[in-house]
Amino acid sequence: MSSASKQISIPKDHHGWILGKQGQRLKDLQQKTATKITVPRRQDQSDIITITGTKKRIEKAEHEIRVISDAKSRKAFERITVPKIYHPFIYGAHHENLNAMMAETGARINIPPVLVQQDEITIAGEKEGVLAAKQKIKSIYKDMKKRCTTVSVEVPKSQHKYVIGPRGSTIAEILQTTGVSVEMPASDSATGTITLRGPQEKLDQALNKVYEKANSVRTAMVEAPAWIHKYILGRKGVNIKKITQEMPKVNVKCTGKEDEIKIEGPPEEVEKAQNELQLMANDLIAKLTFTELNVDPRFNKHIIRKNGRDVNRVKEGTGVVISISENDGSNVIRIEGNLAEVLKAQTELVEMVKKLVENEKKKDVSIDVFIDHIYYRNIIGNKGDNIKEIRDKFNQVQIIIPGPGDKGDIVKIRGPKEDVDKCHKHLLKLVKKLNESNHVLEVPIPRKFYGSLIGTGGNMIHSIIEDCGDVTINFPKSKSNKVSIRGPKDDVEKAKAQLLELSNEKQLARFSTEVCPKVERHKYLIGKNGVNIKKRYERYGLTKDAEVFWKY
């Protein structure tokens with residue numbers, strides 16, 4: 001349901017009463033009526049209260065607010081329960097009874113709106129006026145309760161709006177002319193039963209009025225695909241105007257979204273209009289067809305050209321209707337007309353698009369590819385062998401890789417679009433493979449073991465590299481104790497395991513002892529240029545990793 005708003009004037013000094021303690025009464029009222037009620041702030045001098053919600057809920061909230069205000073403002077206040085079905089007789093067809101009572105008694109009478117299912121009527125004002133109004137309402141109620149009888153009639157729900165009339169005008173007309181109240185079922189009710197309530201002698205007259213109004217307008221549908229509607233309407237609606245000029249009370253609705261056309265009006269005229277439109281629709285369906293082409297959006301401007309020159313040429317040559325619209329990232333070209341014309345136009349447009357595609361393939365393009373510079377060496381290869389192979393494979397493409405002095409990560413590719421696209425995919429695939437082969441791990445190993453892990457002439461580290469495949473092992477030149485391993489993940493993990501294993505073996509194989517010669521004898525133990533120490537290394541089989549620390 002759509003939401004609406006209504007502003008009502010309530011005396012400023014009543015606002016606090018409507019709000020209640022800490023705003024609780026207002027909260028309860030909003031919850032009860034399912035509306036939002038805005039009361040001006042205390043410092044605001046406005047007396048306007050705004051109610052937001054559906055029409056039915058706004059009416060209910062307004063009624064509740066006025067009841068609260070009336071109870072606060074007058075010396076006397078009365079509540080009287082009268083069954084809802086008798087309310088129309090109290091307020092009259094156009095509220096003439098209600099207005100007359102209020103004018104005569106000076107009291108304010110608050111009757112729940114038609115859509116609010118509530119029996120209670122409130123009266124506020126001077127004591128004498130309130131009592132007089134109460135007596136009049138009771139009198140009307142007792143009289144009508146005694147005189148009223150009912151009759152029910154089934155009317156299709158689609159015709160109920162004609163019984164109700166604009167803003168309830170038809171129901172009010174029946175009540176005014178016959179004195180009979182017409183009770184409609186709720187809008188969400190499945191039944192089409194309408195109840196008439198009033199004096200026995202007036203029921204037949206009211207019943208005839210209901211039948212007359214219910215059958216005064218008929219609704220009919222013409223089956224026609226939505227895309228045919230514009231042809232049925234004709235240029236600037238000329239076809240429909242021809243029908244409505246002959247039958248001015250007929251209303252024809254073509255939405256262009258549903259596969260049917262709605263006709264409303266007097267039954268005889270509706271039937272005639274329906275027959276005419278259905279014949280027209282059937283004829284158009286038999287003669288016309290359509291097809292759709294999905295085209296890359298890049299070609300849109302080329303197909304349309306200046307002021308739609310190319311499309312207009314096809315239209316004029318074939319007599320078809322052509323429309324271009326975007327749909328899921330593609331341009332949908334729709335062709336409508338008779339079968340032969342549509343096929344001819346389709347052939348011309350397909351050929352036009354084919355030429356555009358071919359021209360696009362031949363056209364040179366340039367794209368930038370982001371590739372981390374660490375991969376350049378692998379892409380170029382030893383003496384440029386790898387890049388030569390790529391350039392030979394894509395010999396129509398120019399590949400520009402930044403030189404050693406450049407820090408950029410952008411490789412430029414230029415050439416015919418189709419070749420550039422293939423080269424681009426090839427490079428991205430190559431980078432993905434290199435990335436997978438570029439796993440890096442840092443392994444903490446004490447620096448004192450680096451020499452033994454590398455081995456004489458690097459023989460130890462080379463054997464690890466050979467055993468583990470294509471990995472690179474770098475020992476830090478700084479004071480760091482982390483050895484870097486780069487390569488395919490599985491090979492890197494294998495090299496890591498071997499390095500740690502060797503490191504642990506070296507750790508377990510090391511031991512130390514301490515001797516304490518006198519300081520003045522140290523120089524004799526060392527010898528000139530360490531010659532004596534070197535002899536002892538050789539004599540006792542110590543490796544060059546062995547360390548001697550001198551304490552002074």
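Which helix among the elements of the chain has the lowest mean pLDDT, and which the highest? In this predicted model, the bottom spot goes to helix α13 (residues 300-304), with a mean of 67, while helix α4 (residues 87-91) comes out on top at 95. Over the chain, pLDDT averages 85, and 91% of the residues score at least 70.

Turning to the strands, there is an open sheet made of three of them, running in the order β10-β12-β11 with antiparallel pairing. The edges are taken by β10 and β11 (251-253); each has a single partner strand, so one side of each is left without a neighbour in the sheet. Ignoring direction, neighbouring strands here are turned by 20° against each other on average. Strands of a sheet pair through backbone hydrogen bonds, and that can happen in a parallel or an antiparallel way. For β10 and strand β12 (residues 260-265), the antiparallel pairing extends over six bridges. One can pick up the register from R218, whose bridge partner in β12 is G265. Helix α12 (residues 267-287) packs on this sheet and touches β10, β11 and β12. The direction of helix α12 makes about 5° with that of β10.

Next come the aromatic rings. A pair of them is described by two numbers, the distance of the centres and the angle of the planes. The count comes to four aromatic pairs. One of them, W227 with F290, is edge-to-face, with 5.1 Å centre to centre and 65° between the planes. Why does this pair get the edge-to-face label? The angle of 65° is over the cut-off of 60 degrees, so the pair counts as edge-to-face. In sequence terms, the pair links distant parts of the chain, as W227 and F290 are 63 residues apart. W227 belongs to the loop between β10 (218-223) and α10 (229-233), whereas F290 is in strand β13 (residues 288-295).

Is W227 buried or exposed? Its relative accessibility is 17%, under the 20% cut-off, so W227 counts as buried. F290, at 36%, counts as partly exposed. The two rings also have company: together with Y231, W227 and F290 form one aromatic cluster.

F290 has a charged contact as well, since the charged end of R334 sits over its ring, 3.8 Å from the centre. Elsewhere in the chain, R25 has its charged end over the ring of W17, at 4.7 Å from the ring centre.

Notes: Residues are numbered from 1 along each chain as its sequence is written. This is a predicted model: local features need pLDDT of at least 70, side-chain atom pairs count only at pLDDT 80 or more; totals for chains, interfaces and linings use all residues. Side-chain values use heavy atoms; hydrogens and water are left out. Rings of Phe, Tyr and Trp (its six-membered ring) pair if their centres lie within 6.5 Å; planes under 30 degrees apart count as stacked, over 60 as edge-to-face and the rest as tilted. Helices (H or I, at least four residues) and strands (E, at least two) are DSSP runs, numbered from the N terminus. Buried means under 20% relative accessible area, exposed over 50%, partly exposed in between (1.4 Å probe, protein chains only). A charge sits over a ring if NZ of Lys or CZ of Arg is within 6 Å of the ring centre and within 35 degrees of the ring normal. pLDDT is the predictor's confidence in each residue, from 0 to 100. Two strands pair if DSSP finds at least two bridges between them. Axes are lines fitted to C-alpha atoms, for helices over the stretch in contact, and angles run from 0 to 180 degrees between N-to-C directions. Contact means heavy atoms within 4.5 Å.
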